[in-house]
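Q: Please take one part of this model and describe it closely, with the rest of the chain as background. Which residues are covered, what do they contact, and how does the part fit into the whole?

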Amino acid sequence: QPGPASLQVMDEDPQQGNQLRVPTQYRTVSEAVQNAKDGDSVVISAGHYKECLRVWGKRIEMIGEGSMQELLIEGDARQPTVSVGSGAALRIHNLMLQGSGQQVIDVSGGMLQVEDSNISGASGCGLRVHSGGEVSVRRSVLCRCKQHGLHVAAGSRAKVESCSLFENGECGMLITQGRSSVHVSRCMVSFNRGVGIAVDQEASATIEDNDLRNNVRGPTSVGPTCSKSVQIGSNLT
């Protein structure tokens, strides 16, 4: 299986499909996502959108237009704000996402790319990827969740670059269960109430060039079953 550094994510170039605009063409983001086809872009203008989104079996992107501070998608306590299922590939750019459920974003076997976005407020994890899902997160914030900023589990992979994970109730990042792997670089993982980055249950990780200071229970924690599969490079601790 390829390592986390070779994780394949969606093309960074703009999609060649149609633009579906919210709220001018579609009143809600959900309606635009439901009508989007492979390669389409859902372009979201400033506003406060109280809804939960499901992306299954299609390859699309959601882009915030204008200032992210004026654009919020807020879910509820019953389900994730964004769910990405098997066979789906979603790119999120310039969006502020909040939720009060167990996850703000849940990736179950699908593929997710997050750039220049803010994820916060879950009663559990900001972003949870499991069941063989793949995620890439860059230049984004995962903060103020009651459990972990990011949880990678059950044979999933993540690449996290130039992100900030802070003020989460437990770990900044938790990587668990066999075949799960992460590559974390140039991130600030600080002021979390647990460990900055925890790796356990035969998972693997490469952790390099990060700021891991000021976590209540220390910078990193590596379980005995994965000590040989975790590489910790030069980090501020």
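A: Buried residues make up 57% of the 237 residues in this protein, which is a predicted model. The surface that remains accessible is about 10100 Å², and carbon and sulfur atoms supply 44% of it. In secondary structure, the protein has one helix and 25 strands. Its radius of gyration is 17 Å, close to the 18 Å that the globule rule gives for 237 residues, so the protein is as compact as a globular protein of that length. Along the principal axes, the C-alpha atoms fill a box of roughly 55 × 35 × 30 Å. Of the contacts with a separation of 6 or more, 47% join residues 24 or more positions apart.

The part chosen for the close look is strand 1, which covers residues 19-22. One face of strand 1 is covered and carries Leu20 and Val22. The other face, with Gln19 and Arg21, is uncovered. Strand 1 pairs with strand 2 (residues 41-44) in the parallel sense, over four bridges. Leu20, from the covered face of strand 1, has Val42 of strand 2 as its bridge partner. Helix 1 (residues 29-35) belongs to this arrangement too: strand 1, helix 1 and strand 2 make a right-handed β-α-β unit.

Two residues from other strands serve as background to this part. Ser83 lies in strand 7, residues 82-84. Its relative accessibility is 8%, and the cut-off for buried is under 20%, so Ser83 counts as buried. Setting aside residues up to four places away in sequence, Ser83 touches Leu53, Arg54, Val55 and Asp106. Arg54, one of these, is 29 residues from Ser83 along the chain, while the two C-alpha atoms are separated by 4.8 Å.

The second residue is Glu134, placed in strand 14, residues 134-138. With a relative accessible area of 17%, which falls under the 20% cut-off, Glu134 is buried as well. The side chain of Glu134 makes a polar contact with the side chain of Arg157, at 2.5 Å.

To return to the chosen part: strand 1 has Leu20 and Val22 on its covered face, pairs in the parallel sense with strand 2, and forms a right-handed β-α-β unit together with helix 1 and strand 2.

Definitions and conventions
Residues are numbered from 1 along each chain as its sequence is written. This is a predicted model: local features need pLDDT of at least 70, side-chain atom pairs count only at pLDDT 80 or more; totals for chains, interfaces and linings use all residues. Side-chain values use heavy atoms; hydrogens and water are left out. Helices (H or I, at least four residues) and strands (E, at least two) are DSSP runs, numbered from the N terminus. Buried means under 20% relative accessible area, exposed over 50%, partly exposed in between (1.4 Å probe, protein chains only). A polar contact is a pair of N or O atoms within 3.5 Å; within protein, one must be able to donate a hydrogen and the other to accept it, and residues adjacent in sequence count only if both atoms are side-chain atoms. Two strands pair if DSSP finds at least two bridges between them. A crossover is right-handed if, with the strands pointing away from the viewer, the path from the first strand over the helix to the second runs clockwise. The radius of gyration is taken over C-alpha atoms; the globule rule is 2.2 Å times the number of residues to the power 0.38. Contact means heavy atoms within 4.5 Å. Accessible areas come from the Shrake-Rupley method with a 1.4 Å probe; for residues, only the protein chains shown count as cover.
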